[in-house]
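Q: Could you take one part of this model and go through it slowly with me? I would like to learn how a pair of packed helices is described.

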Amino acid sequence: MKKSALQRVRAEYQPKLPKALQGDVKLKVGEPTQSVANQEEIKSLFPHTYGLPVVEFEPADKAERVEEPFNVGIILSGGQAPGGHNVVSGIFDGIKKLNKESRLYGFLMGPSGLVNHQYMEITAGYLKDYRNTGGFDIIGSGRTKLEHPDQFDKGLEIVKELNIKALVIIGGDDSNTNAAVLAEYYKNIGADVQVIGVPKTIDGDLKNEWIETSFGFDTACKVYSEMIGNIQRDCNSAKKYYHFIKLMGRSASHIALECALETQPNVCLISEEIQAKCMTLDNIVNYLCYVVAERAKLGWNFGTVLVPEGLIEFIPSMKKLIQELNDVLVEYASEIEGLAELDKLQAIHSHLSAANAELYKSLPKDIALQLSLDRDSHGNVQVSLIETESLISRMVGERLEEMALEGQYSGTFKTQHHFFGYEGRCADPTNFDADYTYALGYNAAMLINAGLTGYMSSVRNLTDKPENWIAGGIPITMMMNMERRNGELKPVIQKALVNLNGRPYLKFASMRETLALNTLYQYPGPIQYFGPSEICDRPSMTLLLEHDKPIN
């Protein structure tokens, strides 16, 4: 198939490696670790992989290489994120440097490929067309959860058949939780199979001191910011619409916050702030009406509003409703199944407590139905299917009509709605993500060679030049706590929410009133792959602010 001009040039880009990984390496072992919470519970569930030390690679004077070739299997798990192909490239180059006879196998369409023995060998010739490209189409991805011993045993069959030394699971918090469970299981039964995780999610909620950012976040936010900037240019040209833009981020508002820092919209709702302040839907609507009314006094009947995808679950009253809906939908499933829409709403309403029933009844029919859809595999509301941006804009419109009758508003309010999700997940990675993901993959190969299991590949000091990045690994159990999933307490990696005392949020909060009542839009434009380093290689504003670096 013919490649575009950018594809041809981009294929030649050589990702940069930290100095510590550029030659032979040696392992520096740190102190034992413990989980972020529920230490005793996590320790009892992971007796073989709990308490392991943080490790770091340093340049070695003498090669520490394996004498025999070894094989590695990789799994792309969960939603796509820019840079996944470069993780694969880094692993491939890493194991080939250790021994050119080593082989890399990719399990097709996610974890199910391991269980169902569907795989392919990834060769240099095959990999060539995927370096520095977006997507997970090299082997496909899937959302099958690895959580049952029969799955582990079935996977072990093909691992032994292919003489695979280690599995690398490239995924988000749930996928890496599964990697930790798998590593513990294989260790417990004496199977000589290592498991290494790689931090992936555009949502940005898989991070901590050692994982400064998950890969794909930088690229996705820059894609969304370009589109938001384009909309804001149109908005400021036509001067007649309020654009409500929903952005990915089910469990945290990192994407919305980063895009707000990049584009300076009139309003950006932060889910974590709304939860902390116990705000209601009415509170949110009243604030937006204030902004719209004040801008109307200046003759500005236009603006942009950023809405995090998971906002509705952070509104305390809505969260309580959703929690009860979860139970009702399970307990009365046979009664509700097959009912017509109105009958379904009435049946659900009859089983809710008084306060939740009143809130449920007040919602527009389409939103109530969206809240009542089947849950995903993790027991979560499918928030991407809930048109939160439409709900909020509709309520703002209704309130403004009331304000107009009372003489408190004299503008026009027309809306446009957008949801940016899939548009950012498979973009060609930025230079930052291309370098970061390649380093994560290469680093994973070194972790395997060091004989480690139950670790996540960690590359940090990311606001410095790539050659100064610090490479190593952290035990996955170190990031875990106990949470209720599908009615049961389970060990999971703790999600990182927006820190309301952190510099990224405080920076935005300091500008909020000025942005709301003025038109100070910024236009980041498209991702730049070639040109001055300050344009092409700059990491996200979130990362810069978190590490006290200047933003320009």
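A: Let's begin with a term: a crossing of two helices is right-handed if the near helix is turned clockwise from the far one by less than a right angle, and left-handed if it is turned anticlockwise. Keep in mind that this model is predicted. Two packed helices are described by the angle between their axes and the distance between those axes.

Our pair is α9, residues 217-238, and α10, residues 254-263, which pack at an angle of about 50° with their axes 9 Å apart. That angle makes α9 oblique to α10, because angles under 35 degrees count as roughly parallel and those from 65 to 115 as roughly perpendicular. The crossing of α9 and α10 is right-handed.

Now find the residues that touch. From α9 come F217, C221, Y224, S225, I228, G229 and Q232. They meet H254, I255, E258, C259, E262 and T263 of α10. Sorted by class, the contact of α9 with α10 holds 6 nonpolar, 5 polar and 2 charged residues.

For another mix of classes, look at the second largest pocket, with about 850 Å³ of space. It is lined by 34 residues, and the closest to its centre are G79, R143, D203, R250 and R425. Two elements, α8 (173-188) and α20 (422-425), each give two or more residues to this lining, and α8 gives the most, with 4. By class, the lining of this pocket has 7 nonpolar, 15 polar and 12 charged residues.

Notes
Residues numbered from 1 in each chain as written. Predicted model: local features only at pLDDT ≥ 70, side-chain atom pairs only at ≥ 80, totals over all residues. Heavy atoms only, no water. 1 Å grid on protein atoms, 1.4 Å probe; cavity = no way out; pocket = protein on both sides within 12 Å on 5 of 7 lines; lining within 4 Å. Points joined across faces, edges and corners; volume = space filled by probe spheres on them. Nonpolar A, V, L, I, M, F, W, Y, C, P; charged D, E, K, R; others polar. Axes fitted to C-alpha atoms, helices over the stretch in contact; angles between N-to-C directions. Parallel < 35°, antiparallel > 145°, perpendicular 65-115°, else oblique. Contact = heavy atoms within 4.5 Å.
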